[in-house]
Amino acid sequence: MAVLFMVALVISLPGLINSFKPLLSFDGNSTTHRDITQRAVLRKTAEVCRDIAASEGRDFSLTIDDSLSTDKVQRACSSTGSSTALLSTVMFSTSIAKMYFSNAVVDVAFALSEEHHFDDETFQGGRDVITAGVSAVKASVKLENFVAGRWTLGRVCHTLQDFYSHSNWVELGNKAPYSTLIKPDQPLENLAGLNTPTCRNCTGGNCENNLLPDLLQQGLLTSGYFNIFSSEKPAGKCSHGGSFDETSRSDPVGGINKDDVGSSHGSLHHKAADLAVTATMELLEDIRIAAGDKNFLRLMGLSQSSVLCFVIDTTGSMRDDIAEAKRVSFDIIDSKRGTQQEPSAYILVPFNDPDFGPLIMTTDADIFKDNINKLSASGGGDIPELCLSGLQLALTAAPPSSEIFVFTDAPAKDDYLKGTITALIESSKSVVTFMLTDVLASRRRRRSSQVVSSRSLSQSDAQLYRDLARASGGQAIEVTKSDLSLVTSVIKDSSATAVVTVFQVVRNPGRPDNFTFTVDGSLRNMTAYITGTPSLTFDLTSSTGVSQSSSEPSGPLASFTTAGNLRRLSLNTDNQTGSWEIRVNSNNPYSVKVTGQYSVNFIFNLVEAHKGAHGDFSLKEGRPLSGGNASLLVSVTGSDTVKVTEVTLFDSSGPTEVNGSLQSVGSGNYLVTFSGVPAGDFVVRLRGEDSSSTSRATQSIFQRQASTQIRTSSISVTALSNNTDIEPGSTISIPFTVATTTNGVVNDSATGTFTVRANNDRSYTSTSPSTVTIAAGSGGKANGTVTLTVPASAASGSDVTLTIEAENTAANDINYAVLRLSVAAKVTDITRPACQVVSSSTVCPSSSSLCTSSQWEFIANLTDGINGTGIESVAIRKGNGTLNTSTVAGAGGENITVATYKASCCSQNVELAAVDKVGNVGTCVGQARESTTTAPVTTGAAALNTTSTGGHAASLSHYLWISAVVSLLWK
């Protein structure tokens, strides 16, 4: 109960933020965690792209500074980086957003944890948080689990960044980051002792000189104490400061934080923020070396293309469907391999009954090909299959905003997972399209006894898939098996570059209706998809008044094909920009979707407001509350010159449209607030102007629509885990609270019983109450606890996604909380690989014009010690030579990796990076210099003798002996 009380208290004090502001600053001059994280990610990503370009002999003209944007960086990193080339930055922007949102959530999930904020002089505890988090990130990257890696990385960055705001590092005059915080094998030094006074009273509210002069003269490190309950603190110690900090009211009064320009030491806020950016870049560099450049860029989300993700029924009747899935995926792979449009990853999830999975996720197209080739159709005597279980795996593994294709001809045996799947769709904003074959047709399955059984996928069975497709913005395409190849073109369409949704609507129940959408001149390859019964008809009218009916498969406005319930229209929009209209005539359910290709798009995230001294916003999990206010953080992607003019919540099933109030928060980001959002299902629609447009139109007005639905609820579900990293073999408890709301506010007098469902995507052992009851006098809330046990066999670097749902007794309202938890084994090896030079010798010409004719060489021994996990890789960080490695046994029994580097005398510097099996990084630097002796330089090495070869004989007036100066740089 104490844990539940603490969680409730933290939630009830949403202004309790003792750090750089998480997301937004409204004073116009303060830097937030979002700003710091984004600046660091963009600068480090640009540096990696610059280094790759240099190694490949390509130009890289981008200036790397704090003015970078996702569009600038991605274009500079792209081989087709011209300002007019089609390029999608959605994945890059979404990945950065996930990092700064997970950064911001630390202020909610760990609001009272001193080690997560370096409060109360907990320097060792804060560094332990960073060390464990960085190890978890590296383990996730090693498994190519980049989604989990980003989420953990954001949290680690928060703690690291808070050090510069909460300690006196800046006040001590330091101009560089405290690198020891990310080097756990180095001692934390010059820490003020528990009995060492650090502050004096602020005078008249002025705290600029409240740090004791002796502290500063001795260079002792301290941080402020913070407590919302008690004013007690050790005698003479500094406080954090701020209205929520009770300790700041006790002598010495005041504080030392630099969270914003109005803080106790606000005059140093920008210096602290700049150091936090540099420190974050230093952390990213450490991860980069451990991961390698290619995987580092994947961790940052730098890709123009999303994943190619298939979820495939493998029962007996699916043989033709599997063959078509192979064909279309191989076509996409073969046509895009080696290009900027190559999918960023490949995901395959097979399912049947009683099995689903395993999940195959890889960045290697050949591995995907090999696994899809191995799929075979067999079994399936009973008809329902575990479709939603397979889809659950795909939704939690794929990056946000992915497109997932499900192939099946059977009903879902696990339809009880519908709420979980809907929650994951809304949380991840991924689009799910179902390829349903032979709906209402005979479905033949062969049992092992060779008895044939006939079944059908009924309309009610298919409706489940239609509902999920609608929630995600995907489509439920129903076709015969023989015609499946005619509709898989939608998969190729979705894999094209920079696909945007211009308009989408679903009518269920159906009714004749007219729909308008805006065609701007920048859009290319516009396509419309209409699904419905064979009796559906439509008319298309362009902005110039030209019309075409559904009786004309090829006309002035479009050419279209029909297969099953899908009509695919290739639109001809030349010289016809402006408002277009589609009139659909059908009394049966139907859908309309219009897409095109262009760089400009947008992403959005639900956020919730916090009031108090540090008023700000954080990511909101679950659905917005019916009748209450809702806020979105909207980010425009693909252009730095776009002006958003309108953001609305559009109810695609009715006439309701809620206009949002826009507030620009800089760099193409907008805080959009909606007042009194009614009950219903909504999508986000955005309109704006692009001043950089080189379109054929005289106007630059554009329209975009988000795919994922936003559904409101009168139920509130909140869940917080006090440990987001779980060790294999451990069990954690996650408290949650369910409440009934009226007009967005908890109804204190409400009572009722709610059905609770807790599901995780790994099928790990879990316990939870089946119901919770809000009793009279409970303040309108009910509490419960979910336990989750991670098996000892779980891989470090993996993750588990837990969904907690609460549904009312009428089964017509549901809300949820989604928690992603990282699985990370405790790392005991924190020592970086060591380097020792063995020998270096050669003769290089003194004239640079003659350097190509000679080479130099050095040999170094690299070891992780007897108790280390062992060196896993050695790579050239700098230098244009060649590297060979071998392994020998040292005198103490340790393994030694012998690195032999050879290079032209034109390249007289080298830096090697040695990474051990848990990601600790040591770097070894060799630098050529003029020798004062004519003999080769040779130093001893454990259990290894190396002889160097001599160079060409010549006088010292024309040649220089080169010796390698090798030093160990701890980065």
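Let's start with a word that will come up a lot: a residue is called buried when its relative accessible area is under 20%, exposed when that figure is over 50%, and partly exposed in between (1.4 Å probe, protein chains only). Keep in mind that this is a predicted model, in which local features need pLDDT of at least 70 and side-chain atom pairs count only at pLDDT 80 or more, while totals for chains, interfaces and linings use all residues. Residues are numbered from 1 along each chain as its sequence is written, and side-chain values use heavy atoms, with hydrogens and water left out.

A good place to begin is helix H13, residues 418-428 (helices are DSSP runs of H or I with at least four residues, strands are E runs with at least two, and both are numbered from the N terminus). Of the 11 residues in H13, 9 are buried, so the helix is largely enclosed by the rest of the structure. Among those buried residues are Thr420, Leu424 and Glu426. Right after H13 comes Lys429, and its phi is positive, near 60 degrees.

Now jump along to Asp616, which sits in strand E19, residues 616-619. Asp616 is buried but has no salt bridge, and the nearest side chain of opposite charge, Lys21, is 6.9 Å away. For that statement, Lys and Arg count as positive and Asp and Glu as negative, with His and the chain ends not counted; a salt bridge needs a side-chain nitrogen of Lys or Arg within 4 Å of a carboxyl oxygen of Asp or Glu. So what does the side chain of Asp616 reach? One partner is the backbone nitrogen of Leu23, at 2.8 Å. Another is the backbone nitrogen of Leu24, at 3.1 Å.

Next, look for the sulfur links. The whole structure holds 5 disulfides, a disulfide being a pair of cysteine sulfur atoms within 2.5 Å. Take Cys199 and Cys238, whose sulfur atoms are 1.9 Å apart. Their link is right-handed, with 95 degrees about the S-S bond. Cys199 lies in the loop between helix H6 (146-166) and helix H7 (213-218), and Cys238 in the loop between H7 and helix H8 (269-291), so the pair ties together parts that are 39 residues apart in sequence. Cys199 and Cys238 are both buried.

Cys202 and Cys207 form another disulfide, with sulfur atoms 2.0 Å apart. The link is right-handed, at 115 degrees about the S-S bond, and both cysteines are buried.

Further along the chain, Cys851 and Cys906 are joined too, their sulfur atoms 1.7 Å apart. Cys851 lies in the loop between strand E39 (843-845) and strand E40 (855-863), and Cys906 in the loop between strand E43 (895-904) and strand E44 (909-916), so this pair ties together parts that are 55 residues apart in sequence. Which of these two is buried, and which partly exposed? Cys851 is buried, with a relative accessible area of 9%, whereas Cys906 is partly exposed at 43%.

Last stop: an open sheet of 5 strands, in the order E29-E37-E36-E32-E34, with mixed pairing. Its edge strands are E29 (725-726) and E34 (771-774), each of which pairs on one side only. Two strands count as paired if DSSP finds at least two bridges between them. Strand E32, residues 752-760, and E34 pair in the antiparallel sense over 4 bridges. To see one of them, find Phe754: its bridge partner in E34 is Val772.

Terms used:
Polar contact = N/O pair within 3.5 Å; in protein donor to acceptor, adjacent residues only side chain to side chain.
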